[in-house]
Protein chains: 4
Amino acid sequence: MYKTIITPRIGDTDALRHINNTTLPIWFETARNPIFRIFNPTLELTYKKWNLELLRCDFNYLKPIYFGYDVEIRTYVSKIGKTSITLIHEAWQNGQLRANGSCTMLYFDFIRQNSVVIPDEIRENLSKHFITKEDLEKNNKKEMNENRKNNEAMDYIESDI
Amino acid sequence: MYKTIITPRIGDTDALRHINNTTLPIWFETARNPIFRIFNPTLELTYKKWNLELLRCDFNYLKPIYFGYDVEIRTYVSKIGKTSITLIHEAWQNGQLRANGSCTMLYFDFIRQNSVVIPDEIRENLSKHFITKEDLEKNNKKEMNENRKNNEAMDYIESDI
Amino acid sequence: MYKTIITPRIGDTDALRHINNTTLPIWFETARNPIFRIFNPTLELTYKKWNLELLRCDFNYLKPIYFGYDVEIRTYVSKIGKTSITLIHEAWQNGQLRANGSCTMLYFDFIRQNSVVIPDEIRENLSKHFITKEDLEKNNKKEMNENRKNNEAMDYIESDI
Amino acid sequence: MYKTIITPRIGDTDALRHINNTTLPIWFETARNPIFRIFNPTLELTYKKWNLELLRCDFNYLKPIYFGYDVEIRTYVSKIGKTSITLIHEAWQNGQLRANGSCTMLYFDFIRQNSVVIPDEIRENLSKHFITKEDLEKNNKKEMNENRKNNEAMDYIESDI
């Protein structure tokens, strides 16, 4: 699992006083950088070197995220296919899972415009970050329960009408 | 169906020379404005007046979208539940469906923090924009076939390595 | 003068319930599209074809801009130098000038990495959109005075604490 | 001086393969968080508690910034007025100053809608981050010279046509 710490900025919020839904895809893209580096160590963004194409992604908004506290994005590999991988991203703030989502990317040759079989070396690296959905949910439930005692008082803005 | 015309800007592209994946959620949010107006005619973004909460959304990236041509976002209602609705958004450019996605929003009282049954008047308004997934796919296939003859030459950047 | 109509989206606002400062550069970039087209009619964003480099820009935030009303971006040419041009952008909403700014771009060869003298044909096209700062300020003052009677009641959110 | 480390994401680039100009205002806003905290320790973004209004800002694009390397944003206080302050932001990448800019913010009562004299305690805190433009330029020139030997080879993308 990769952890990426994000400090929200004012412009990430919207007039409803929490982080806008369109901020999450931006944070999750930032959190894919270490995954991109497994596929392309120099991160060179050219057709010759880049090798991943986003096919689909989804987002679940579970609880509001606020300005003023850091957000931890956790990134897991949930599926390693022949030519594609699926990631799970989670956004945690003040000890609570606030949002999550997944995305599927194709290992892709941008010059020839076709998909490529993921090499074993990359596959091995990815597998270090693998988790099943079931294990992840079990772990999260446990962590959320442990955190519950501490963080009741932290979401100050909820009372602000 | 609502049509929203978007003129891409340079900053919507990324170094792979097409529109970045995080631009799509932004365009689709813009395209929800007429739906928001059905629920809240003044669009007043306060806890007293605003009444929709995004629960989830997803995005499918079918073909690259380019800078230099307008994009048409088409918005349909695909489900009207008791307290929630689901929308389908599509991004068309040069006569081709390039990306689509859906989102589910809860009809919500931000002061009392609970969901509310969608009133009949709103329900009627929404139903004018309703389509089934099957009808939409059939219509799109037909339209894409008709457009195919005209737009082969339009995507100039694909040859730019 | 070029007019570009922008429909604000929720994510353009921030928790202070007006448009966030970082939205303005995005809108002004969108509004430069017709200027870009004078320099590069196909808008092809490659090193071979693109020919403008942004050197500097500034922004003045005069009054809050709100979600719920369209914004008109007006773009003028305020200086045509030997190898560079300066633009003025204005954001009008409900008949009031809410923000403005300027930017200077270099006519640039991205392959050779040097500036180029702006050709006469482009210069002529640009000059159709030229205005002096003094004329612009005079025109705006007059227009704002005429609009004043009509738009007192329009900014509903200012009373929303 | 405050240092804020930013990891660029793909969507921060544009089709010219460097960071888009509209990304800089976003990074600089993120870098103002510690300054905001001096004025408002809880960072509560409500009309009752927030107390800064952005009046103007400007940006100078000195050299391209690339994806793949962290960016260091340095934030200084360059002027402490009676009711307003001016900041200088700089973006450094691979030992080089790539962009800078300044912004002026008003100390502001959002309920009464008027400016307020900055209290002495805040003034003292701000003064710890004060620098004159002259000193800053001198320091930067020195640092850039020292760095020059090391970073010739680092900007790999410049040769990518």
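Here a biologist and a modeller talk through the cavities and chain contacts of a predicted model.

Biologist: How many cavities of 30 Å³ or more does a search of the whole structure find?

Modeller: The search finds 2. The largest has a volume of about 50 Å³. The second largest holds about 40 Å³.

Biologist: Why is such a space called a cavity?

Modeller: A 1.4 Å probe fits there but cannot get out, so the word is cavity and not pocket.

Biologist: What makes a residue part of the lining of the largest cavity?

Modeller: A lining residue has an atom within 4 Å of a cavity point. For the largest cavity, chain A gives P25(A), F28(A), R32(A), L54(A), C57(A) and F59(A). Chain B gives N21(B), P25(B), F59(B) and Y61(B).

Biologist: Which elements supply at least two residues each to that lining?

Modeller: They are α1 (23-31) and β2 (52-61) of chain A, with β2 (52-61) of chain B. The largest share comes from β2(A), with 3 residues.

Biologist: How do you know which lining residues of the largest cavity are nonpolar, polar or charged?

Modeller: Each amino acid type has a class. Phe, Pro, Leu, Cys and Tyr count as nonpolar, and Arg counts as charged. The lining has 8 nonpolar, 1 polar and 1 charged residues. R32(A) is in this lining, and Arg belongs to the charged class.

Biologist: What lines the second largest cavity?

Modeller: Residues of chain D, among them P25(D), F28(D), E29(D), R32(D), D58(D) and H89(D). In chain D, α1 (23-31), β2 (52-61) and β5 (96-109) each supply at least two lining residues. By class there are 5 nonpolar, 3 polar and 3 charged. E29(D), R32(D) and D58(D) are in the lining, and Glu, Arg and Asp count as charged.

Biologist: Now the interfaces. What makes two residues of chain C and chain B count as in contact?

Modeller: Their heavy atoms lie within 4.5 Å. By that rule, 24 residues of chain C touch 25 residues of chain B. The two chains bury about 2200 Å² between them, 60% of it on carbon and sulfur atoms. R9(C), I10(C) and L45(C) supply 26% of the area that chain C buries against chain B, more than any other three residues.

Biologist: Why is the pair E29(B) and R9(C) called a salt bridge?

Modeller: The cut-off is 4 Å from a side-chain nitrogen of Lys or Arg to a carboxyl oxygen of Asp or Glu. The side chains of E29(B) and R9(C) meet at 2.6 Å, N to O. That is within 4 Å, so the pair qualifies. The rule finds 2 salt bridges across this interface.

Biologist: Which elements of chain C each supply at least two residues to the side that touches chain B?

Modeller: α1 (23-31) and α2 (33-39) do. By class, that side has 10 nonpolar, 8 polar and 6 charged residues.

Biologist: How many salt bridges are there between chain A and chain B?

Modeller: The count is 0. Polar contacts follow another rule, N or O atoms within 3.5 Å. For chain A and chain B, that rule finds 10 residue pairs.

Biologist: Which elements of chain A give two or more residues to the side that touches chain B?

Modeller: α1 and β2 of chain A. β2(A) gives the most, with 8 residues. That side has 15 nonpolar, 6 polar and 6 charged residues.

Notes
Residues are numbered from 1 along each chain as its sequence is written. Chains are lettered from A and ligands numbered from 1 in the order in which they are written. This is a predicted model: local features need pLDDT of at least 70, side-chain atom pairs count only at pLDDT 80 or more; totals for chains, interfaces and linings use all residues. Side-chain values use heavy atoms; hydrogens and water are left out. On a 1 Å grid over the protein atoms alone, a cavity is a set of points where a 1.4 Å probe fits but cannot get out, and a pocket is an open set with protein on both sides within 12 Å along at least five of seven lines; lining residues have an atom within 4 Å of a point. Grid points are joined across faces, edges and corners, and a volume is the space filled by probe spheres set on the points. Helices (H or I, at least four residues) and strands (E, at least two) are DSSP runs, numbered from the N terminus. Buried area is the accessible area (1.4 Å probe) that two parts lose on being put together, summed over both. A polar contact is a pair of N or O atoms within 3.5 Å; within protein, one must be able to donate a hydrogen and the other to accept it, and residues adjacent in sequence count only if both atoms are side-chain atoms.
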